[in-house]
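Me: I have just opened this structure and would like a close look at one part of it. Could you begin there and then take me through the surroundings at an easy pace?

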Amino acid sequence: MEAVKENKKSLKETILDLFKFEDYWAILLATIILIFCTIIYMGSDSQSVLGKTEVYNSVMKAEGERAPFKTVQWHEAQFDKNSLAIKTSTTEKVKNILGKPKKWVTNPIESIYLSESAAKAKGAPFTQQYEDLKKETTLLKNQALAATALAEEKVFADTNLNTTANELIDKWLISRDKENKMKAKAIVKPYNLIPNLVILLAFIGIYFSLGMRKMGRDREGFLQGFPAVFALATSAYLLGEQETLKAWGLGYVFWGLVLGLIVSNTVGTTEKAFSSSSNRVFYKNRIDFIGINSFSK
């Protein structure tokens, strides 16, 4: 019995010892965030979304049984189904705070801030093209509906009529896709991500500093050095959203590795970040990990 008790005590001590390492605290704190996000997305609105999904599935099933090809109504039901999202005041606030930087071409400031006048100026060159594509898409949709109705009069037994309707539906889909892409260019909304970044910086810093405290490490040193790490992460996202670089496949992950290599092999982190031996090990491990992975991949 004494041996069993001793084993149980050793197991308990072993489990507690795990929480002396930052990796386990990172997993625990991140899991709590995931649980919180799951809870806020499981509200009453989720039932409404599920109900709408069933409606759209019914429409798609009925249209699939009605015609030997995917009709306009079938595609519209699918589009509506794919656009469903759980939206509440809480989820929208969380989404806004976690919103990543926007695309930019020559001015990186546009990635986090765009005034109303600048947004209108940015979309103005594409307004007419968008309006023309809207008219074209509407025309093709009406033609596709008319062709489908004509084929239905023949109980979809006329191959030529079915082919014509299907071809018009394909043209409508292509035009609709072009219209949506042009809409994103023509209708540009102003935004200001700076307050959200400040909130995110404060929350992540304070939240994860709890783990540092529980590990008996220098919490103040962590909080002093964390803004520099956050700035590097934000810079990686900014570079990753540059239009040309992103087209080449150089996203935020690549720039995170590059910036990590530059910092670890040049200036290092600030003295505040390394103000204690525990934080020195913490940040050095993170930076070395970035550098090693950039070569291993």
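Does lysine 61 count as buried or exposed, and at what relative accessibility?

Reply: Happy to help! Lysine 61 counts as exposed, because its relative accessibility is 57% and the cut-off for exposed is over 50%. Please keep in mind that this is a predicted model.

Lysine 61 sits in helix α3. If you follow the chain 13 residues along, from lysine 61 to tryptophan 74, you find their C-alpha atoms separated by 8.2 Å.

The same helix offers a useful contrast. Threonine 53 also belongs to α3, which covers residues 44–66. With a relative accessible area of 18%, threonine 53 is buried, since the cut-off for that class is under 20%. Setting aside residues up to four places away in sequence, threonine 53 touches Lys81 and Leu84.

Let us step back to the whole protein before going on. The model has 297 residues, and 28% of them are buried. Its fold is built with 13 helices and two strands. Among contacts with a separation of 6 or more, 73% join residues 24 or more positions apart. The accessible surface comes to about 19300 Å², and carbon and sulfur atoms hold 62% of that area.

Alanine 26 gives you one such link between distant parts of the sequence. This residue lies in helix α2, residues 22–40, and counts as partly exposed at 35% relative accessibility. Glycine 211 is 185 residues away along the chain, yet the C-alpha atoms of alanine 26 and glycine 211 are separated by 7.6 Å.

Glycine 211 leads us to helix α9, where it is one of the buried residues. Others buried in α9 include Asn196, Leu197, Leu200, Tyr207 and Met212. How does the length of α9 compare with what its residue count suggests? The helix has 21 residues, 194–214, which should span 30 Å at 1.5 Å a residue, and its end C-alpha atoms are 31 Å apart, so the two values agree. After α9 comes glycine 216, with a positive phi near 80 degrees.

Leucine 197 is worth a pause, as it is placed in α9 and is buried there. Leaving out neighbours within four places in sequence, leucine 197 is in contact with Ile112, Phe230 and Thr234. Of these partners, phenylalanine 230 is 33 residues away in sequence, with 9.4 Å between its C-alpha and that of leucine 197.

Now for helix α7, residues 127–153. Its 27 residues should span 39 Å at 1.5 Å a residue, and the 40 Å between its end C-alpha atoms agrees with that. The buried residues of α7 are Tyr130, Leu133, Thr137, Leu140, Ala144, Ala147, Thr148 and Ala151. Many of the steps in that list are easier to read with one rule in mind: an α-helix has 3.6 residues a turn, so residues three or four places apart point the same way. Alanine 146, also in α7, counts as partly exposed because its relative accessibility is 48%. From alanine 146 to leucine 168 is 22 residues in sequence and 9.8 Å in space, C-alpha to C-alpha.

The stretch after α7 is a good place to check the backbone. Most residues other than glycine have a negative phi. Valine 155, which follows α7, has a positive phi near 55 degrees, although it is not a glycine. Phenylalanine 156 likewise has a phi near 55 degrees, again positive in a residue other than glycine. Valine 155 is in the loop between α7 and α8 (159–186), and phenylalanine 156 is found in that loop too. Their side of the story splits at accessibility: valine 155 counts as exposed at 67%, whereas phenylalanine 156 counts as buried at 13%.

One last stop is an open space in the model. The second largest pocket holds about 700 Å³. Its lining comes from 15 residues, and those nearest its centre are Lys122, Ala184, Lys185, Ile187 and Val188. By type, the lining has nine nonpolar and six charged residues, with no polar ones.

How values were computed: Residues are numbered from 1 along each chain as its sequence is written. This is a predicted model: local features need pLDDT of at least 70, side-chain atom pairs count only at pLDDT 80 or more; totals for chains, interfaces and linings use all residues. Side-chain values use heavy atoms; hydrogens and water are left out. On a 1 Å grid over the protein atoms alone, a cavity is a set of points where a 1.4 Å probe fits but cannot get out, and a pocket is an open set with protein on both sides within 12 Å along at least five of seven lines; lining residues have an atom within 4 Å of a point. Grid points are joined across faces, edges and corners, and a volume is the space filled by probe spheres set on the points. Ala, Val, Leu, Ile, Met, Phe, Trp, Tyr, Cys and Pro count as nonpolar, Asp, Glu, Lys and Arg as charged, and the others, Gly among them, as polar. Helices (H or I, at least four residues) and strands (E, at least two) are DSSP runs, numbered from the N terminus. The expected span of a helix is 1.5 Å times one less than its number of residues. Buried means under 20% relative accessible area, exposed over 50%, partly exposed in between (1.4 Å probe, protein chains only). Contact means heavy atoms within 4.5 Å. Accessible areas come from the Shrake-Rupley method with a 1.4 Å probe; for residues, only the protein chains shown count as cover.
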